[in-house]
Amino acid sequence: SIEDTDGFVLTTYGTMRSDADRLSTVSWDLVVADEAQHVKNPRSETARALRQLPAHARVALTGTPVENNLTDLWSILDWTTPGLLGTLDEFRARWAQPVEAGDPVLARQFAKLVRPFLLRRRKSDPGIAPELPPKTETDQPVALTREQAALYEAVVRETMATIADTTGMRRRGLVLKLL
């Protein structure tokens, strides 16, 4: 059983979601969420499942703490340090809207507030994997086979038909899925 586990448990977000009830019966010493961008939407099933896990300490690892807006960062920090930034509505009114509108004073205050809770490295920082060569990217376009092209077109047609008959968040999700 999980309660008898010595050491640690390593799981995927998918397994964590499906086993959240069972995993939440354990009082974890530490929960580490790698690739924490998966919990940037506080209303997502993954974020809700992760919040069910009781832990004495929490660490989030991500290379992209903010992709869309400051709510991404709120979601991660609200999990690692609950209450630091207030509720989501309080955070949006106090910090997100003014900072995203370009208020330099609040932007500096916000940065000062969250700085103790963020460790940030850049690949260009001295000592970060100096033995690695610079990243090289090579694009090699490959044509689809006839069968692949036909399957692709069928999926696009079916999804577009579903999108036409859908509204709200489900529609947005289908558009994102199609992309």
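Select strands S1 (residues 28-33) and S2 (residues 55-60): the two run parallel and are joined by five bridges. Strands pair here if DSSP finds at least two bridges between them. Helices (H or I, at least four residues) and strands (E, at least two) are DSSP runs, numbered from the N terminus. The model is predicted: local features need pLDDT of at least 70, side-chain atom pairs count only at pLDDT 80 or more, and totals for chains, interfaces and linings use all residues. Residues are numbered from 1 along each chain as its sequence is written, and side-chain values use heavy atoms, with hydrogens and water left out.

Stay with the strands and pick out Trp28, whose bridge partner in S2 is Ala55. Then select Val32; Val59 is its bridge partner in S2. Now add helix H3 (residues 45-51), through which the chain crosses from S1 to S2 in a right-handed β-α-β crossover. Right-handed means that, with the strands pointing away from the viewer, the path from the first strand over the helix to the second runs clockwise.

In the loop between S1 and H3, select His38. This residue is partly exposed, with a relative accessible area of 45%; the classes are buried under 20%, exposed over 50% and partly exposed in between, using a 1.4 Å probe and protein chains only. Add Ile76, which is 38 residues from His38 in sequence, while their C-alpha atoms are 9.5 Å apart in space.

Zoom out to the whole chain. The protein has eight helices and two strands, in the order α-α-β-α-β-α-α-α-α-α along the sequence. Of its 179 residues, 26% count as buried.

Next, the aromatic residues. The structure holds two aromatic pairs. Rings of Phe, Tyr and Trp (its six-membered ring) pair if their centres lie within 6.5 Å; planes under 30 degrees apart count as stacked, over 60 as edge-to-face and the rest as tilted. Select Phe91 and Phe110, a tilted pair at 5.8 Å centre to centre with 50° between the planes. Phe91 lies in helix H5 (residues 88-100) and Phe110 in helix H6 (residues 104-114), 19 residues apart, so the pair links distant parts of the chain. Both Phe91 and Phe110 are buried.

Add Trp95. Its ring centre is 5.5 Å from that of Phe110 and the planes are at 45°, so this pair is tilted. Trp95 in H5 and Phe110 in H6 are 15 residues apart, another link between distant parts of the chain. Trp95 is buried, as is Phe110. Phe91, Trp95 and Phe110 form one aromatic cluster.

Show Arg94 as well: its charged end sits over the ring of Trp95, 4.3 Å from the centre. That requires NZ of Lys or CZ of Arg within 6 Å of the ring centre and within 35 degrees of the ring normal.

Finish on the backbone of H5. A kink of about 30° lies at Arg94, shortly before the proline Pro98; the bend is the angle between axes fitted to the seven residues ending there and the seven starting there. H5 has 13 residues, yet its end C-alpha atoms are only 15 Å apart, short of the 18 Å of a straight helix, where the expected span is 1.5 Å times one less than the number of residues. Buried residues in H5 include Leu88, Ala96, Pro98 and Val99.
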